[in-house]
Amino acid sequence: MAVNLTRRMFLAGSAAALAMPAPAFAQAKPVKIGLLTVKTGPLAAGGIQMEQGTIRFLKDKNYTLAGRKVELVIGDTGGNPAGTKTKIQELVERDNVDMIFGPLAAFELLAISEYAAQAKMPILSLAAAEDMTQRKPNPYFVRASGTSAQYMHPLADYAAKELKYKRVITIADDFAFGHEQMGGFQRVFEDAGGRVVKKLWPPLVTPDYTPYIAQISGVDAVVQGFAGSNPLKFLKQYQDAGIKIPVLGNGTAGDEALLKSYGDEAVGMISCSGYTGDLDTQSNKRLIDGMVKDYGNIPGLYSAGLYINGQVAEAALEKTGGKTDDREALIKALRSVSLTDTPRGPFTFDHLGNVVGTFYIRRTERKSGKLVNTTIKAYPKVSQFWTYDEKWFLSQPVYSRDYPPLKS
Amino acid sequence: MKRGTLTALAAALAALAAVPLWVPGTYYVNIASQILLYAIFALGINVLAGYGGLVSLGHAGLFGIAAYTGAKILAAGGGHLAAAAALAVTVLAAAVFAVLALRGTGLGFVMITVALGQIVWGIAYRWISLTNGDNGISISGRPSPFGLSLAAPRSFYWAAFVVFLLALLSMVVFVASPFGAALRGTRDQPRRMNALGYNVWMIRLVAFLFSGFWTGVAGLLYLYYNQFVSPQAVALTASAEALLMVISGGTGTLLGPVVGAGLVVVVKNVASAYIERWNFVLGAIFVLIVVFMPDGLVPGLGRLVRRSTARWRPQAAAAAIAPRQEARR
Amino acid sequence: MSLWLLLAVNSITLGGLLFLLSAGFSLIFGLMRIPNLTHGSFFMLGAYLATSLIAHGFGFWPAAIVAGIGVAVFGGIIERLVLRRLAGAELAQVLVTLGLSFMVADVCLMVWTGDPIRIATPPGLQGTTAMLGFGFPTYRLAISAIAIVVAVGLWLLLDRTRLGAMIRAGVDDPAMARVAGIRVSRLFTIVFCLGAALAGFAGVMGGPILSVYPGLDAEMLPLALVVVILGGSGSLVGSLVGSFIVGFLYNFGQAMFPEIAYVVLFLPMLIVLVVRPQGLFGRQPA
C-alpha cells in the first residue's frame, strides 16, 4: 500500500509557509497542478494511464515549467460525480491549485463544471461531452483531445468516401458518450450518401453482447463506440459469433494501450483517434520511450492526452511569464496555445476551447507478433464542427440517442 | 439516559454545531456537511434495518427520487415548492416500495428492494427526456429557504445541522414512542405481535414511510449540496454504502448510523487523499469491525469506554462482577 | 427466424454459465444461510488467477482447476477465521462479505492492474459448430455441457453420497444434525469451500467470453442473486431452472425490448417475488 506521505508533508510545510504574508516573489511559489483521476473501480485503467502520462511529462521537464517548479496533487474521484465534486473542492480550496487536469469521465466533468467556472479554475480535460464546448460552454475549459463526435466525423467520411460503404449498423454503450459518437458518425455518413440502418445500444454494463450481435447482418460494416474494457469483450464475442462483417472503431476501441489485451479478433479493425502511436514526432518518441521505460506500457490516448495537457500548460505559462495569479490571463494564454511538436501532431484551439487538430485513421495489424496501429490517412485541422457552419451546428440539438433520427 | 452519557452527547452536539469555527478550512466544513447528510440517510435506513429488522438495499432509489424531483422542479423555476413536492413524491414512492417489498420476508424483502432500486436506476439512466440520462441534472445555485442563502459552505453546514438535529430528535421521539416499541416488537416477535392484535403489516408500512421521508430529506440535501444529481446516486453501490454505514456504526442504536456515516465519508474523501489503497482500507475496517465489534462501532466503543472507566465507578465495577457470578450458577 | 434460433441457443449457453456462477452462492446460502456477497469477487479472483497461471504456461483446463482450488482455499480461510463466529448475524455477514469484496477488488487492481485481460478460448473449442444450419460458438456449447456435468455431479453428491446426506440434514435441521453426530461446523467449511471453488471455476469458464477486468465482480453478483432468487436458494433444480430462465429473459428481453434493457432482469424478478416471495422453487418460509 502506497502512502503518499512525502507529498503531504511537503504540502503541509508549504501551507505553513504560505500562511505567512507572502512577498511578491511569485517565482518562488511552485505552480500547483491538480489531477482529477480515477484510480479505483472499472474506470481505473484509463485513470491510471492519465496519472502516468502526467508524471511522465513532468519528469521530462524536471518538474519545472517556464522557470517555475511544479507540484502535482492527485485526487482520486472514485469514478462518481459526488466524489469528483469533493476532490475538486479539496484541490481548489485546500490545496489551492492553479489549474486542473482531468477529470476522466463526462459525467464527472458535468458535475463540477459550474463550480470550477465560479472558482475561475482552468480545467484541461479529456472528457468528451459535446456541450462543454458547444451549447453550454465553460469559459475556463480547455480540451486538447476532442468531442465525442469529433473522433467519428472523419471515420464516417473515410468509410463513405474511401471504403465506399453504403450501409452500416452502429453499436455503442447506451449513455451520452455512445449517443454523441454515433450521432456524429450518422450525420457525416449519411450526408456522404451512406445510411445507418440500425443503432444498437447495449447498457453500459452488459456481460453478453450476443443478443445485439445476433441482430447484425446485411450491412457493409459495423461501427462500434465502446469505452473502457467493453471493446475487448465485444470484439471477442463478435469474433466467436463467426460474423465476418468488417468493424470500424472509435478512439477507445483502437486505443494503443488496449492493443496488448486483444487477440486476433482486432486485426483489420479500422479506427479513428486524435492520437496514434506511429506518429513520428520527437515528443511522441519521448513519451513512448519514457512510458515503456517507467511502466512497461505503450501509451494510449489517456496518457498521451495528459502529456499533451502538460505541454499546453507549459506553453501557456511561457506566455504569461510563469504567472498564475491572473486567472483570466492564464485561461486566455491556455486557449491561445498553438503547438506542432506534440504526440498528436500540430493543433490549436477554437474560440470555445476545443482542439482543432489532426485525426488519424488507423488499421490494426500484427507486426512481429504484436498488435499495432498503422496510420492510413490523416485528416488535418479537424474541428468539433467538422465541415459544417458553426452557427448552424449549434442551432441543431446536441447528438443524442434519437438525434439524428434514423431514416426509416 | 445516564448523566455522564447525556453530558457527553451534549458536548458532542455542541462541537458539531461549532464545526465551521474549529476545522481548518472550508474543505473540512464541506466534509462535515456531507457527513451530516449521509447521517440522515443512514438514520432513515436504520429505522427499517435496525428497529424494524427489514434490510433494504434499495433506499438509494428513494434518495434519488427526492433528488431528481427536486432538481426537475428547481430547474423549471419552482423554488420553495421543490422541497415539499419532492418529499411528497418520495413518501408516495416509499409507500409503493413498502407495499411491494413487504410481500417478502428476509432475503425476499432484500431482493425486492434491490429490484426496486435497480428499476429506479434503470429509469434514471434510460428515460433521458425525464432525467437527462447519465449527464445528470444541474441546478444553478442553492435554494434559499426562508430567504437565507445557502451558497456559502458555512451557511449550508448550519442549515444541514439544523435538519440533522430535527432528524435525530424525531428518531429519539420515535424510539421512545409506543410506535417504536411496536416496531421493535414486530422485529423480534412478529407472530406474537400478530397474535396480540397488532397489525404488523401496517406498522411496517408506516415505518417505511417514516424511513422514506428522512431518506428523501437526505436526497434533497444531497441535491442542494452538490447542485447536481445523476444516476450514480441511485446505483446499487449507493444503497450498499448507506447500509454499510448503518451496520458498521451499529444497527438499532441512535448514534450508530451517524458514526458509520462519518467513518465512510471520512475514509472515502479525506483518507483517500493520503492513502492510495483506501478502498482496501475501508474494506479492512469493515472486516475488523465485524470481528471485534460485531454489533457495530457505537455499541463496541461504548463497551470499551465502560470497561476502561469502570475503575472510576465502584458501583459499575461491582455490577460488572455480579452478572458473572450469576452466569456461573 | 434465424434471430430467434440464435437467441434461443444463446439463452441456453448463457444459462449454463449463470448456473456455474450461481450454484456456489445457492449452495452457501441454502445451507449456511449466509448471503455471501463476496461471491462476485470469488468469480473475478478465479479468473485473474487463471490469467496468471496461463501466462506461466499452464493449459486452460489445469488453470481452471488450480484457480478453483485456490479460491476454495481462500474461501476456507475466510469461513474459519471470520464467518464462523457470525452464525445467524445476517447483517454482520453482509458487512463482512462486502468489506472482503472491497479488499479483494483492490488487491486484484494492485496485482493485475486496471487493464482488461483476455483469456483465449481453449484450443479445440475455438470457432463455430454447425448446427441446424447455423454456426454457434463451440466454446459456448461446451459451457452448457460443462454446466450440466457439474449439475449432475452436484446432484450425485447431494443425493447419493453420505456427505450429501449429511449436508441435506444440515440444511433441514442443524440442531438435530448435531445431535445425530454430524460435525456441522466442518461441513459448513467444506460447503463454503465448495461454493467458492465453483465460483472461481466459473470465473475461469467465463473468461473466454467475458474477459477479466475491474468491476467484473460487481457485474456478476447481481446476476447470481437474480438466478438464486428466481430459482429459490438451496435448491439445485431451482438454480438450474433459474439460470435458464434468466438466460432466456436476458437474451430475448434485450433483443425484443431494448427500451427496458436496464431492467429486463429485475422487473421479472420483482414480479416473481411479489407474487411468490420464496422464488419459483424455494420452500415456503417456516
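Modeller: A word on terms before we start: accessible areas come from the Shrake-Rupley method with a 1.4 Å probe, and for residues only the protein chains shown count as cover. This is a predicted model, where local features need pLDDT of at least 70, side-chain atom pairs count only at pLDDT 80 or more, and totals for chains, interfaces and linings use all residues. Residues are numbered from 1 along each chain as its sequence is written, chains are lettered from A and ligands numbered from 1 in the order in which they are written, and side-chain values use heavy atoms, without hydrogens and water.

Biologist: Happy with that! What share of the area that chain B exposes do carbon and sulfur atoms supply?

Modeller: Chain B exposes about 13800 Å². Of that area, carbon and sulfur atoms supply 69%.

Biologist: And what radius of gyration does chain B have?

Modeller: The radius is taken over C-alpha atoms, and the globule rule is 2.2 Å times the number of residues to the power 0.38. For 329 residues, a compact globule would come near 20 Å. Chain B agrees with that, at 21 Å.

Biologist: What percentage of the residues of chain B count as buried?

Modeller: Buried means under 20% relative accessible area, exposed over 50%, and partly exposed in between (1.4 Å probe, protein chains only). Chain B has 329 residues, and the buried part is 55%.

Biologist: Over in chain C, where is Leu267(C) found, and what is its relative accessible area?

Modeller: Leu267(C) is found in helix α11 of chain C, helices being DSSP runs (H or I, at least four residues) numbered from the N terminus. Leu267(C) counts as partly exposed because its relative accessible area is 31%.

Terms used:
Helices (H or I, at least four residues) and strands (E, at least two) are DSSP runs, numbered from the N terminus.
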